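Let's go through how the labels on this one are earned, value against cut-off. Have a look first, then we'll take it question by question.

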Amino acid sequence: MGTNTVIQAKLVLLGDLGAGKTSIVVRFARGLYYECQESTIGAAFFSQVLSLGDAAAVKLDIWDTAGQERYHSLAPMYYRGAAAAIVVFDVTSTDSYMRAKRWVDELQRQGNPHLVMALVGNKVDLEERRQVGAQEAMDYAEANGLFFTETSAKTAQNVSELFYELGKCFVSAS
Ligand code: GDP
Ligand code: MG
């Protein structure tokens, strides 16, 4: 691998409205967190270059939704061509977990067969309100070949680790 190797990859976020997708991306790309994230700020696009050592870098083109998930549907065009997907649920909402599993199904049926997928339980700072057990989600992820982690966009817990773990998949795959 040459000194200037940069792998480019499209990454999409999916999940229930309010699960924290935008907050996770804004935390990662801008280092910021807003208590009242606007749910429909228009389709957002963030480009981030991750240096992964050994002269390897991954440029992630990150696509966030514009609130279309409110209707539980996203045009397949949104995730077409994606190399990676982050499916987010809110650990304080069983509904959002159910919906996340449906997104995983949809991506597995219609997406790129080589798609690298992560299932993410967000809002772990609200431990006292937790409804979805970490072990349950972890078992589901393992059975479906997904990377799994729990994050808090609010405290930044595991947020950059999530993107770096995904980034590493592309370096090792190329
Ligand atoms: P999206 O619809 O999936 O993009 O979700 P947003 O990022 O818009 O977040 C929805 C709401 O949840 C906002 O009020 C956020 O401030 C809040 N939120 C997002 N992430 C977290 C988190 O990790 N912890 C807590 N406590 N609140 C969060
Ligand atoms: Mg959003």
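Q: Why is E165 called partly exposed?
A: E165 comes out at 32% relative accessibility. Buried means under 20% relative accessible area, exposed means over 50%, and partly exposed is whatever falls in between, with a 1.4 Å probe and protein chains only. So 32% puts E165 in the partly exposed class.

Q: What kind of model is this, and how are residues numbered?
A: It's a predicted model, where local features need pLDDT of at least 70 and side-chain atom pairs count only at pLDDT 80 or more, while totals for chains, interfaces and linings use all residues. Residues are numbered from 1 along each chain as its sequence is written, chains are lettered from A and ligands numbered from 1 in the order in which they are written, and side-chain values use heavy atoms, with hydrogens and water left out.

Q: Where does E165 sit, and how far is its C-alpha from that of F147?
A: E165 is in helix α5. Its C-alpha is 8.7 Å from that of F147, with the two positions 18 residues apart in sequence numbering.

Q: What makes a stretch count as a helix or a strand, and how many of each does the chain have?
A: Both are DSSP runs numbered from the N terminus: H or I over at least four residues for a helix, E over at least two for a strand. On that basis the chain has five helices and six strands, in the order β-α-β-β-α-β-α-β-α-β-α from the N terminus.

Q: Why is the chain called as compact as a globular protein of its length?
A: The radius of gyration, taken over C-alpha atoms, is set against the globule rule of 2.2 Å times the number of residues to the power 0.38. For 174 residues the rule gives 16 Å and the chain has 15 Å, which is close, so the label fits. The C-alpha atoms fill a box of roughly 50 × 35 × 35 Å along the principal axes, and buried residues make up 49% of the chain.

Q: What makes helix α1 largely enclosed?
A: Nine of the ten residues in α1 (residues 21-30) are buried, so the rest of the structure largely encloses this helix. The buried set is K21, T22, S23, I24, V25, V26, R27, F28 and A29. Just after α1, G31 takes a positive phi of about 70°.

Q: How do you know that the span of α3 fits its number of residues?
A: The expected span is 1.5 Å times one less than the number of residues. Helix α3 (residues 94-110) has 17 residues, and its 25 Å from first C-alpha to last is close to the expected 24 Å.

Q: Which residues of α3 are buried, and what do they pack against?
A: They are S96, Y97, R99, A100, W103, V104, E106 and L107. Their partners are β1 (6-15), α2 (76-79), β4 (84-90), β5 (116-122) and α4 (134-143), where contact means heavy atoms within 4.5 Å.

Q: Which class does D105 get?
A: D105 lies in α3, and its relative accessible area of 37% makes it partly exposed. The C-alpha atoms of D105 and I24 are 22 Å apart, for a sequence separation of 81 residues.

Q: Why is T151 called buried?
A: T151 has 0% relative accessibility, so it counts as buried. This residue is in the loop between β6 (147-150) and α5 (159-173). Leaving aside residues up to four places away in sequence, T151 touches I24, V120, G121, N122, K123, V124, Q157, N158 and V159.

Q: What makes the phi angles of K123 and A156 worth a look?
A: Phi of K123 is near 75°, a positive value in a residue other than glycine. A156 isn't a glycine either, and its phi is about 80°. K123 lies in the loop between β5 and α4 and is partly exposed at 23% relative accessibility. A156 lies in the loop between β6 and α5, and 31% makes it partly exposed.
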